[in-house]
Each structure stands twice: as C-alpha cells, then as structure tokens.
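Here is a short note to help you find your way around a structure you have not met before. Please keep the 3D view open as you read the points.

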Amino acid sequence: MCAGIVSGLVLNIKLSRRRLVESGLAALLTAPWAVSLRAATVLPGIDSGADGAESDDIVLGVSAAFSGPSRGLGTELYRGAAACFAHVNASGGINGRRIALKMYDDGYQPDPCVENTMQLMLEDQVFLLFGYVGTPTVTRVLPILKKFQSENIYMFFPFTGAQPQRQPPYGEFAFNLRASYGQETAGLVDNFVRIGRRRIGVFYQMDAYGRSGWAGVRSALARHGERIAGEATYGRGAKFTGSMRQQVEILKSAAPEAVICIGSYAACAAFARDAVDLGLEVPIANLSFVGSENLLNLLTEGREDSERYTRLLVNSQVVPSYEDLSIPAVREYRELMERYNPQVPEELVKEEYAALPQSFGSLEGFLNAKLLAEILRRLGGDVRRARLEQAVFSVSDFDLGVGERVSFGPDRRQGLQTVYYTVVEEGRFVPLEDWQAKFA
Amino acid sequence: MKIEKLFQRTRFGIFAMFGAIVLSTSILCVITVSTEISAEYEINTSNIAKTVANSSVDILLNRDLATLQSLVDQFIEIQGIRYIYITSETGDYLAHTFVPGIPDEILASDHRSTEPVERDLPGLGIFLEVGSPILAGVAGHVHVGMDLDVVALKIQRAIGQQIYLVAVILVIGVLAAIWLVNLAARPLGELLAYAVELARDGDPEALADRAVLARNDEAGHLARLFLYMARNGKEPGAMSPAPQPAD
C-alpha cells in the first residue's frame, strides 16, 4: 500500500437499538455513530471469493479523498452517507444486519485509489464499493471491476458524472444516482445560449474529469452550431493560493461571453478570483463536483468585497437545494445531520478541515446512502453479491423524497436526471430562477 | 640508490599510451552512447505513439474522451515523454496534456504529420515529436513529444559513468605500471649503490655481505662480477672466463 493510505480502518456503527435498550444509555441516542478501529480484516475466515456480507455486518468499501486540496469533497460526501447509515443501524439495520464501512484515503489520486480498491476487493472482501470520489480515480478502477466480474462486485453511486461508468464497456459494473456531467454541461450551455451568450470558454482540470466536462460542453455547443471559444487547463491538485492568471489571460484572449469550469473547488476559486482581478467579468459556471460551499468559503473568507468575486458565479447541482425545506428528503437529511453530525475518523484526517453543517455534497451522500439502504433491504435475508443487480433493477418509480422518482433497469443505470442551477445571494447558494434577469 | 633517468621515457610512454586509450575510448563512447540512447528514445517514443494510437481506436469510436484522457495521462508518466496530444480527423484536439493551454506552435502545426520533428516550445523546452495515425488517419492522429533535455541528461549521465570507469582504469593502470617499473629498477639501484661503495672503499671483503650479491638475477650476476674483479684486481677487459651464474 502506498504512503498516505490508512490501512485496516473499519468504521462500525456500534449501537443497535437492542444494545441501546440494554445499556439504558438514552443519551447515546444523540451519538450512536460511535467509531471503532480494527486492524484485522473485517470478515475473518471467509474464503477468497466469498461475499463480504457473510458475517453480521454488511461491509461497504470506500476509497475517497480525505486528504489533499479536494478533501472537502470526500469528507462531505461521507458525512451525508454516514448520517443515513447511522440512522439505518440505529433503527435495526438492514434485516437485522448493520452496515459498516471500510474506508481508505486516496487523496483524489488514481494510483492510491487503484491500490485501495484491490485491497478492498481482495483482502477486505467488502460486499460492494460505495462513495468513490472523482473521475480520474473511478475511471482507473472500472477495468478492475471488469477483470473481477465473476465476483459480482459493483460500484454504487460514485461522486462523478463522467461517462465511462455510464456506458460500455464498464457501464454494467456501476450504478449511478446523480445526473451526468453531460447533462450538467448541456444544461449550462443551453441556458447560456438561450440568453445570447454563445461564445463559451472552458477552464478545466487536465485529467479524465476535466476532459469529460470539456467533451460535454463541446457536444452541447455543437448542437447549437458553435465551438468552444477558448480553453485553458490546470494540473490536478492545484491550490487556491496558486495563480491562475495565465489561464485567465488565455481565455480572455478568446473573448468568451461565459466560462464553464470543470475542476475542484480550490482551482476554480483561484480562477474566479484571478478572472475578476484581471477584468474577465463574465458568468463563471461550475459543475456539481466542484463543492459549492467550499468554493464559496475560499472566495469570501476574510474579504470585504467578496460580492464582486461571487456575483457572476452559477453552479449546477445534481441534488436540490438543502435550504428547500419543502422537499421531504431535505428535511430528513437536515434532521439526521443534526442528530448524528458524523465526522471522518481521526485516523483518516491528515489536514484540518471544518465540516459544513449542510452542503450539496453531504446531501448527495445522504441520498446515495438512502437509496443503497433500500436496495440492500430488497435483498432480504439472502445477501449475496450475485443478487445485487436484480435488487437494483427492482427499484422502479421509487420515491427518494426529492420529487423525481427513481428507476433502474438493464438500460437505465442512472437514477436521477435533474440538474439544478444555483447562484450566490447573501453569501450562500440559492436556486437560480431567471437566467435572463441574472446574466443576459 | 634511486634510478631516476633510466625509465623516464618508459614512464612517459605509459602515460601517453594510457592517455591515448582513454581519449579514444571516451570519444567512441560519447558517439556510441549518444547515438544509441537518442535512437532508443526515438524508437520508444514512436512505439508509444503507435500504442496510444492502437489503444485509442475503440475509445474514440465509443466517443469516450474521458477514458481517452485517462489513457493519455498514464502514458505521460513514462520517463522522457513530456506531452501527448490526440487530434481528430478534422484537427480537433480531443485529448492532450498541456497546461495552461495548447502552445501556439502546436496549434499551427500540421496535425496529420507523422514525421519526427524537433519543436522548441517557449517556456516548455525542446522536444522531439513523433506522430502516429489512428486507423490509418481516418480516426485522427496521436502525437508524442519527447523531452530532449531529459534525453541529453540521460546521455550525459551514461557518458559520465563510462568515462568515470575508464578514468579509474587509467589511474589504476598508471599506478600499477609505475609500481612495476620501480620494481624492475630496484635491483639496478642496489647494484649501483654496491658498485659505488666498492669503488669508494676498495675493500671487497668488507662489502661481501651486501644483499645484491645474493640475488639470482642479472643484477646479482653483475654484482658478483664486480666483486670478482675487485678481488683479483683485474680490469674488466682482462677478465676471463666470465663467472657462471650462481644457479
């Protein structure tokens, strides 16, 4: 295992309802998300190739970014999922079995992610893979799933909207909940073109994620008879303290009427900052992966004139606003986040990160976990990997609580299709109601 | 007594001979290593371009540019390869590794060209670019840029190692040669010292215990000859017959 990977970390949801009753520690209701660490394999004594869920726990394997400039993404996604799983376990688990997570940090880097996945599949014998973060990481893992397809190991709800896990030859090994980057970029382009902003530049991360978004913008513009007006790139891992002035100058020379950013929050915030400073005053759009709240924090923290850096931001989202309490899933999410307030285990925390009370990332994690719990319930008492696909395909017209119904099938491996658009008002992202009024 | 002058030319000859060997070997080494490494990197670059081109066919036909970029990102980790870009049949840049953007020199170049070409990209360095067609060019082209600075560094390092080895051999060879010459000169020194003592003191019996007289070589024979002549008061020309070797 490479450096930086926390090995043998198991996160258990310790307190079942029965144990709570037995102990009489009612106070623990407010903290049932206790964490324990085990150095040993989760499920000892299981032969190679056996399902990971043959013990009391249903163990899910997680490799995500808990360190590095994108640690906020992995952290928030985990927190949302953890709140949901904590509630599921506290309510009796899945047909009496608890959900446990075996977690590793990949720092949003492909090679550690591949190593983590091999560890999770071959050594840890997890039941399925869950909560992966990022396109460059996931695209490198997909061939592993194909290689071990006889083991029926599936990847559930990765935090990426890229195409490789949505289409052949790897689409059959993954299930997605969120809308794709293609849908997000198409929505952004369509709206910009509709309000007369046809010259669109692209600022993107130089990897599979950036290319996926770039391809989406290119394809959407082609439908309108346009081409990308200009493009600039940055290397994965760029920090907010770094300069993006070169990139801004490149795009400025193309005179774009809007810029779509496909990157992480640190780099996109740096770009937005430098764009405003260098006079590139056009709408700057970001995809859902960016981590909107972290982006906003970087642009506003310690600035009195932060409004000039955020007034032209427009971020696409794949989940509804967590401020919209009319949505049942949002109400449930906020309640469980407040009740459990899960934190990333200390062993995985290498750098300081201030967790957000609510965020689009944690809401997505929560919805991912909620749907996965439903799928696991549909397995009944026969918890085998071979039955997972059938259980997923049984989800039809399912109400996840976000308004849009969720269905899966052999030709439908993505649950949600809706893209939401948000802008910054009064220091927070709110739904964008009128593109014309805001950006025309 | 030290023999200084007799082997002066021998020593010089040894130095000159080893120097000539080192110089010629070094020149040959520079030419060979430089040519071999350059050719090897060029062939590798060309092979990488072909591999990327072959691997890209299905990906391009599936319109999966994220996977294509992922493929390119893996090849860029190979030592010496500094950039890769893939163009479509119409010249669109479908995947590349340039940050912060595609250089103007690349944008202005012929995307269909597969001939090796040396490119000087401001701020990036000097590169040897090799191209390869995808599906005979109907699906696009792959271009791979090899960093010539990295190649030059590799060549310098290889040559440095070779010259270091030759230099070590030279030093060891010269030291060994000097030691051998000195070894050969030592009996002569002893003989000279004995002859000088014999001429100065005139009493051959007082010098009969000198070590050189016991030597079983030409120096020993000469020393015993000098002793014989001194005992018999003979001039060298009157001596007859010459004494037989001790063995």
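**Pockets, cavities and a surface patch**

1. Let's begin with the lining of the largest pocket: by class, 25 of its residues are nonpolar, 14 are polar and 11 are charged. Please bear in mind throughout that this is a predicted model.

2. How much space lies in the largest pocket? The value is about 1,200 Å³. The pocket is lined by 50 residues, and those closest to its centre are A:Trp214, A:Ile228, A:Glu231, B:Tyr93 and B:Ile102. Do look at both chains here, since that list names residues of chain A and of chain B.

3. Which elements give two or more residues to the lining of the largest pocket? From chain A they are α5 (181-194), α6 (208-223), β8 (230-234) and α7 (245-252). Chain B adds α2 (65-75), β1 (81-87) and α3 (104-107). The element that gives the most is α6(A), with 9 residues.

4. Next comes the second largest pocket, with about 460 Å³ of space. It has 17 lining residues, and A:Arg71, A:Tyr265, A:Leu298, A:Glu352 and A:Tyr353 are the closest to its centre. In chain A, α8 (265-277) and α9 each supply at least two residues of this lining, and the largest share, 3 residues, belongs to α9(A). Sorted by class, the lining of the second largest pocket has 8 nonpolar, 4 polar and 5 charged residues.

5. Now for the cavities: how many of 30 Å³ or more does the structure hold? There are 3. The largest cavity has about 120 Å³ of space. Its lining is made of 18 residues, and nearest its centre lie A:Phe159, A:Ser288, A:Gly291, A:Phe360 and A:Gly361.

6. Staying with the largest cavity, at least two residues of the lining come from each of α2 (71-90), α9 (292-300) and α12 (360-378) of chain A. You may recall α9 of chain A from the lining of the second largest pocket. The class count for the lining of the largest cavity is 6 nonpolar, 8 polar and 4 charged residues.

7. Finally, please turn to the surface of chain B, where B:Leu23, B:Ile27 and B:Ile31 form a nonpolar patch. Together these residues have about 300 Å² of accessible area. B:Ile31 is found in helix α1 (residues 8-61) of chain B. Is B:Ile31 buried, partly exposed or exposed? B:Ile31 counts as partly exposed, because its relative accessible area is 49%.

How values were computed: Residues are numbered from 1 along each chain as its sequence is written. Chains are lettered from A and ligands numbered from 1 in the order in which they are written. This is a predicted model: local features need pLDDT of at least 70, side-chain atom pairs count only at pLDDT 80 or more; totals for chains, interfaces and linings use all residues. Side-chain values use heavy atoms; hydrogens and water are left out. Patches are made of residues with over 30% relative accessible area and no salt bridge: like charges are joined within 9 Å, nonpolar side chains (Val, Leu, Ile, Met, Phe, Trp, Tyr) within 5 Å. Accessible areas come from the Shrake-Rupley method with a 1.4 Å probe; for residues, only the protein chains shown count as cover. A salt bridge is a side-chain nitrogen of Lys or Arg within 4 Å of a carboxyl oxygen of Asp or Glu. Helices (H or I, at least four residues) and strands (E, at least two) are DSSP runs, numbered from the N terminus. Buried means under 20% relative accessible area, exposed over 50%, partly exposed in between (1.4 Å probe, protein chains only). On a 1 Å grid over the protein atoms alone, a cavity is a set of points where a 1.4 Å probe fits but cannot get out, and a pocket is an open set with protein on both sides within 12 Å along at least five of seven lines; lining residues have an atom within 4 Å of a point. Grid points are joined across faces, edges and corners, and a volume is the space filled by probe spheres set on the points. Ala, Val, Leu, Ile, Met, Phe, Trp, Tyr, Cys and Pro count as nonpolar, Asp, Glu, Lys and Arg as charged, and the others, Gly among them, as polar.
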